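Open your viewer and get ready to click along. We will go stop by stop, selecting something new each time.

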4 protein chains.
Amino acid sequence: MRVTVWNEFRHEQEEAAVRDVYPDGIHMVIADFLKKEGHDVQTAVLDEAEHGLSDAVLDRTDVLVWWGHKAHEEVEDEIVEKVQARVLKGMGLIVLHSAHFSKVFKKLMGTSCDLKWREAGDTERLWVADPTHPIVEGIDEYIELEQEEMYGEHFDIPTPDEHVFIRWFSGGEVFRSGATFKRGRGKIFYFRPGHETYPTYHNQSVQRVIKNAVKWAAPPNTSEPVRGHYSGPGL
Amino acid sequence: MRVTVWNEFRHEQEEAAVRDVYPDGIHMVIADFLKKEGHDVQTAVLDEAEHGLSDAVLDRTDVLVWWGHKAHEEVEDEIVEKVQARVLKGMGLIVLHSAHFSKVFKKLMGTSCDLKWREAGDTERLWVADPTHPIVEGIDEYIELEQEEMYGEHFDIPTPDEHVFIRWFSGGEVFRSGATFKRGRGKIFYFRPGHETYPTYHNQSVQRVIKNAVKWAAPPNTSEPVRGHYSGPGL
Amino acid sequence: MRVTVWNEFRHEQEEAAVRDVYPDGIHMVIADFLKKEGHDVQTAVLDEAEHGLSDAVLDRTDVLVWWGHKAHEEVEDEIVEKVQARVLKGMGLIVLHSAHFSKVFKKLMGTSCDLKWREAGDTERLWVADPTHPIVEGIDEYIELEQEEMYGEHFDIPTPDEHVFIRWFSGGEVFRSGATFKRGRGKIFYFRPGHETYPTYHNQSVQRVIKNAVKWAAPPNTSEPVRGHYSGPGL
Amino acid sequence: MRVTVWNEFRHEQEEAAVRDVYPDGIHMVIADFLKKEGHDVQTAVLDEAEHGLSDAVLDRTDVLVWWGHKAHEEVEDEIVEKVQARVLKGMGLIVLHSAHFSKVFKKLMGTSCDLKWREAGDTERLWVADPTHPIVEGIDEYIELEQEEMYGEHFDIPTPDEHVFIRWFSGGEVFRSGATFKRGRGKIFYFRPGHETYPTYHNQSVQRVIKNAVKWAAPPNTSEPVRGHYSGPGL
């Protein structure tokens, strides 16, 4: 499978605390563990031309992984529209953590995607809510992250197709996620963890979920629907 | 609306600690606050003939509220089948707390309805997951119960139609509920709180949820579907 | 309830065949039968200032009904964004027929909203798929429209929250709708029939569905969710 | 994958018209095309001891395919309960045509599973409603069956997890199916076609759907949820 990992890649360059955790950027850590699965992985970052997402790059992308946080507004609308169109055609999309506020995710959801948040080192537990789902293969009944940013309900997303995880935070909140969404022929997975100051993407279980999600989000081998004027097959 | 509140009514007679909280039985507390809403409320308990659920009683029941815990197996299958049939015809059903293991709920769900549990005085927070839902009218964004029995995932129920609440427990667990289910022409609401040793049904917010749920679960004013052999309307 | 009926109102002015069916415009027919339900109804059309949807108008709109077809692109993005924001805050939205391609619907869905279509006088049957739903109160198990435009699958919408109707067309196609969607605190109902050359909105059953839908889509009496930075209630 | 194909196998022995289409039984046709996929396939029929579904047989069954029609009531409750328990543990279940009324399906659904029907040689078209779904791989946008029994709405099933197909019948009806249901760790697919007097299971597209469904319904490689008393992991 051909995977493109997109990262805003600003925190890592501007903040020592983040650079300590992800010296080469969050995208390089994610790309690395996906390569080990045998995928053909490329990376792209905000400050590249076309944010690294030229048509040529998108042409060879089966699944796109997206991390962004502080510079959502700098992503060009033209690129956002291209990504949306690709998802509707079948490209998988894995939306991580603060990318809940990315233009790409908001455009595909149609809602504000707003939520509660708190940076206070809460302990997070991600409980498996759907034990049939391929995204939780190899995962125990919960994943515990000792310290993470809190995200709380109400999360302003459309009703998900599936609730794969429900999270618990030590400070008293819950959060629906990971959540899956079918859009057109494409599949989207939103997965909450991954605040830039914590080593979340080094966690083996988090990596396993992302690996599983990439596999699950592969473009379907199904027919492209016919739309538009239709004289019909007759009877 | 005509409401019947069914209670096993054993704990209250056998255990002083429960009797202290519900001297006349859980059903009487629930019936009382539903009467104040202007409903025509009757009660029924396990040890009555036909468990208090004769055809005459069911004939004048729009919504049935069910609490049971230690004597699920004593409920006659014939009564269970009658209740199931009534729900499919349009009678609303509110399933409370340990009634997740009632024959009635298990029969309508088709699953084991099993879960995790712990009696350790956990604090429970019920977060509103669906702010459009009439069941949460008048409820703040969460209800806090200082002490309750813990119920945890994975809860073995079919995928709910709607997730109205998601619960948080101080011990580290989450739980999907209240959950709604459409079955035939009937509507079912499962609502978690209500361990017999805690004053949960005296809580104003819990009462409000049950009042809202009764209203929501009213039989629809829709046509009864036609089924069976069908020659069709022609064209 | 305060209802605003929005219509593109171009076909009726430009084409005699449409004017014959809707001399004062589709919006006037819809406004008329909604007024008879006791609602406070106003109308708005594309060629008014701000398309008739000033803040003052939106402030007094509980439910917005939307019909458009040939001039979707002329609707200003600023108005579209206002409507989206209002829906997320709780305003109901009823999307009729060719408004599947309206900017408002596409923005709220996040998909192309494309479909198959054919203008060939197909007979349409709208079968009730959810006999518990208030939108089908007073409706027989199907509504038959002798002649309508065909809309066929695959309809590129997100998975609906509920499937209220499934349609059958004599030419051989099916179509999911009416479909409901929760977005933020708002409720959306897409209802397929209503090609401008047919007297569909004069049909009593179609009128009944729209009346029911307006009632169903009323803003909820629930708390507005709290979002953003959250220090939390403590424990 | 280890697949067991269960058939009532009465029509084929009692009616020449059915024997002409399925000389060795419906199960043998299905088993044959599943074997060609490389699966380890066994068959079982009603009149065998334990209906051919001993614990030993079930122990080596990953996915169970079920066809029944006229003798549902002869299936022993004990076997039904075993099958239900296996599904909740992860065994896949493919329910075909008139098995909508099988005890196994009704027990897992909790509803009457009733519907409209007519044997009048209607043409059936199965439109793909979910182009992301692995069950429709290799299928065009619809499958046409020249003659089939009509099944019409309202189909009394719980809200499906997914609507893979929606059917159209030339006589004027629609029907939701195939439909998927998650129950416990198991996955269930209901697939409508297959009246015993038509050569439906010889149709290449129908075979392809069943092959896809068997693959999709494989038991998940996920953890078995922990339920019951739970002291919790502590924090």
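Before the first stop, one definition: copies are superposed by least squares on the C-alpha atoms of residues with pLDDT of at least 70 in both. Residues are numbered from 1 along each chain as its sequence is written, while chains are lettered from A and ligands numbered from 1 in the order in which they are written. This is a predicted model, where local features need pLDDT of at least 70, side-chain atom pairs count only at pLDDT 80 or more, and totals for chains, interfaces and linings use all residues.

**Stop 1: chains B and D**

Select chains B and D. A rotation of 180° with 0.0 Å of shift along its axis lays chain B on chain D, with an RMSD of 0.0 Å. That is how a two-fold axis relates two copies. To find the axis, click B:Gly110: in chain B, its C-alpha is the nearest to the axis, at 2.5 Å.

**Stop 2: where B meets D**

Here 35 residues of chain B are in contact with 35 residues of chain D (contact: C-beta atoms, placed from the backbone, within 7 Å). Now colour α6 (103-109), β5 (116-128), β10 (179-183) and β12 (228-229) of chain B, each of which supplies at least two residues of the side that touches chain D. The helices (H or I, at least four residues) and strands (E, at least two) are DSSP runs, numbered from the N terminus. Why do the copies meet through the same surface? Because 100% of the interface residues of chain B are also interface residues in chain D.

Zoom in on β12(B): 2 bridges join it to strand β5 (residues 116-128) of chain D, and the two run parallel. (Strands pair if DSSP finds at least two bridges between them.) Opposite B:His229 you will find D:Trp117 in β5(D).

**Stop 3: chains A and C**

Next, select chains A and C, whose contact takes 35 residues from each of the two chains. Strand β5 (residues 116-128) of chain A is joined by 2 bridges to β12(C), running parallel. Click A:Lys116, whose bridge partner in β12(C) is C:Gly228.

**Stop 4: a sheet in chain D**

Finally, show chain D alone. Its open sheet of 7 strands follows the order β2-β1-β3-β4-β11-β10-β7, with mixed pairing. Which strands stand at the edges? They are β2 (40-45) and β7 (162-163) of chain D, each with a single partner strand, so one side of each has no neighbour in the sheet.

Inside the sheet, 5 bridges join β3 (residues 63-67) to β4 (residues 92-96) of chain D, running parallel. One pair to click is D:Trp67 and its bridge partner D:Leu96 in β4(D).
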